[in-house]
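Colleague: I have a model open on my screen and would like to learn how to read it. Could you walk me through a few features?

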Amino acid sequence: MTFDFFEGPAGSGKTYSMVAHARHLIENDALGEGQRMLALTFMNGARRRLTSSLNAEASFRRKFDCLTFDSFAQSLAKRRSAKLTDEMRQQAEDLGQFHGPCFLASELLKDAEVRRWVARTYPLVLVDEAQDLDVNRQGIVLGLIESCTTVVAADSFQCLNDGQETADFIGQLLGAGTTHSLSQSHRTNKTGLLSAALAVRERENILDALKEEGIGKTGRVHWVGEGVELAEVPATAKNPGLLAWSLAFQLTQGCNDVAILTPDSKSAIVQNAIEIAGAKEWKWPKGGTFGPFSITWEGGDSAIEHELAEAIRFPDIASYDEVCAVLEEHSAQPMVKTVERRVRRLHRVTGQAEFEKAQLVSFISDAVRTNTRLGFKKSAKIRAMSIHAAKNREFDRVIVLWPQSATGSDEHKRRLLYNAMTRAKSHCTIIVLGNRRLGSAPFAPS
């Protein structure tokens, strides 16, 4: 039973190294007859990407289960429910449907018999992006380390939950076994981009770092270098056209895989600028045109659920026929079709004749989460999303729209900007809305 911890900055190959180490362990008989490897992640998107990486390895095929912490916790709490006390159940209920099961799993894994029981099925455990875990999910990891050969990857600076403390947990991981510190970036070799991202990470002035790399200032508020571009655009909510033009111009620079990232996806000026860039045609001074551009917003599950529920407008209570009629109006949406099938099945099997709005909204929520879990996403060359939604992903070109509405501590803003910049493989453009904002966080020391 061993523990290995892979830590390093974004793009340094933590997940790749973790998977390679797991392959080595399996090739050296880490799994016995009928045993499997357990791979855990915090979010469904990370789970899908890790599943893809594991499926690419012949050594892992049909030998692993890749789950979110929530899914694993729910299963463990259900299967070992006899060991739960009334006090545990009450505390879990107070924590809610997402954190409650993880609290129960964390408590169960304090029991040596439960740990041995898990290890009989999963003697080898992988944990990716461990910096995202809260105290209850951290407890699951620490419990598994006690009984399973465990491999963990994390970078504390990439935790995007403002105010969440991970230092103690990372310290425990650093002292639990063998630490592998990674430093070289495998995502990009663009020196300007690497220097700018490092400056943000080290709480230094991003412009000073660019100057040291010999990166030139091309205008009063515009800096360009290898793999990186920084500009201030004095756009306002009343004048989103200026930001839209800047965005559209950047989109003319090419690349088949472009992401538009922002720390505030609800910002009106950002939304309006993206909408204009997707609808307007501009003229070049010397002839010709550019735009409009096909841009797809990628929202989180909650945003999609809210949008669907708002569009359907369920009544507070409705008959079966009324619900079917309402759903039929939106049947072009695959997730609405899923809800309709569920309603019809309930009516047929149980005879339910009336449906409350809360129940129907919960059906929408389940359909959206299933859609996300199974990875049914429209492909698009240009995608817009929050920085949180882009976590653990990479794109050829990244355009960061940084509005004045970005919130959180200075440290949180630095982590957001760093995560956005380090998604880029070839080029990152940062467009800062407003005037003279580059002298403060996250672009310069507080």
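Colleague: How many of the 6 residues of strand β5 are buried?

Modeller: Before counting, some ground rules. This is a predicted model, so local features need pLDDT of at least 70 and side-chain atom pairs count only at pLDDT 80 or more, while totals for chains, interfaces and linings use all residues. Residues are numbered from 1 along each chain as its sequence is written, and side-chain values use heavy atoms, leaving out hydrogens and water. Strands (E, at least two residues) and helices (H or I, at least four) are DSSP runs, numbered from the N terminus. Buried means under 20% relative accessible area, exposed over 50%, and partly exposed in between (1.4 Å probe, protein chains only). In β5, residues 149-154, 6 of the 6 are buried, so the strand is largely enclosed by the rest of the structure.

Colleague: Which residues of β5 lie on one side and which on the other?

Modeller: In a regular strand the side chains alternate between the two faces of the sheet. Here Thr-149, Val-151 and Ala-153 are on one side, with Thr-150, Val-152 and Ala-154 on the other, and all are buried.

Colleague: Which bridge partner does Val-125 have in β5?

Modeller: Two strands pair if DSSP finds at least two bridges between them. Strand β4 (residues 124-127) pairs with β5 in the parallel sense over 4 bridges, and Val-125 has Thr-150 as its partner. From β4 the chain crosses through helix α6 (residues 135-145) to β5 in a right-handed β-α-β crossover (with the strands pointing away from the viewer, the path from the first strand over the helix to the second runs clockwise). Strand β1 (residues 3-7) also pairs with β5 in the parallel sense, over 5 bridges, and there Phe-3 is bridged to Thr-150.

Colleague: How many aromatic pairs does a search of the whole structure find?

Modeller: A pair of aromatic rings is described by the distance of the centres and the angle of the planes. Rings of Phe, Tyr and Trp (its six-membered ring) pair if their centres lie within 6.5 Å; planes under 30 degrees apart are stacked, over 60 edge-to-face and the rest tilted. The search finds 6 pairs. Phe-157 and Tyr-418 have centres 5.3 Å apart and planes at 75 degrees, so they are edge-to-face. Phe-157 is in the loop between β5 and α7 and Tyr-418 in helix α16, so this pair ties together parts 261 residues apart in sequence.

Colleague: Is the Trp-245 and Phe-249 pair stacked or edge-to-face?

Modeller: Their planes are at 5 degrees and their centres 5.4 Å apart, so the pair is stacked.
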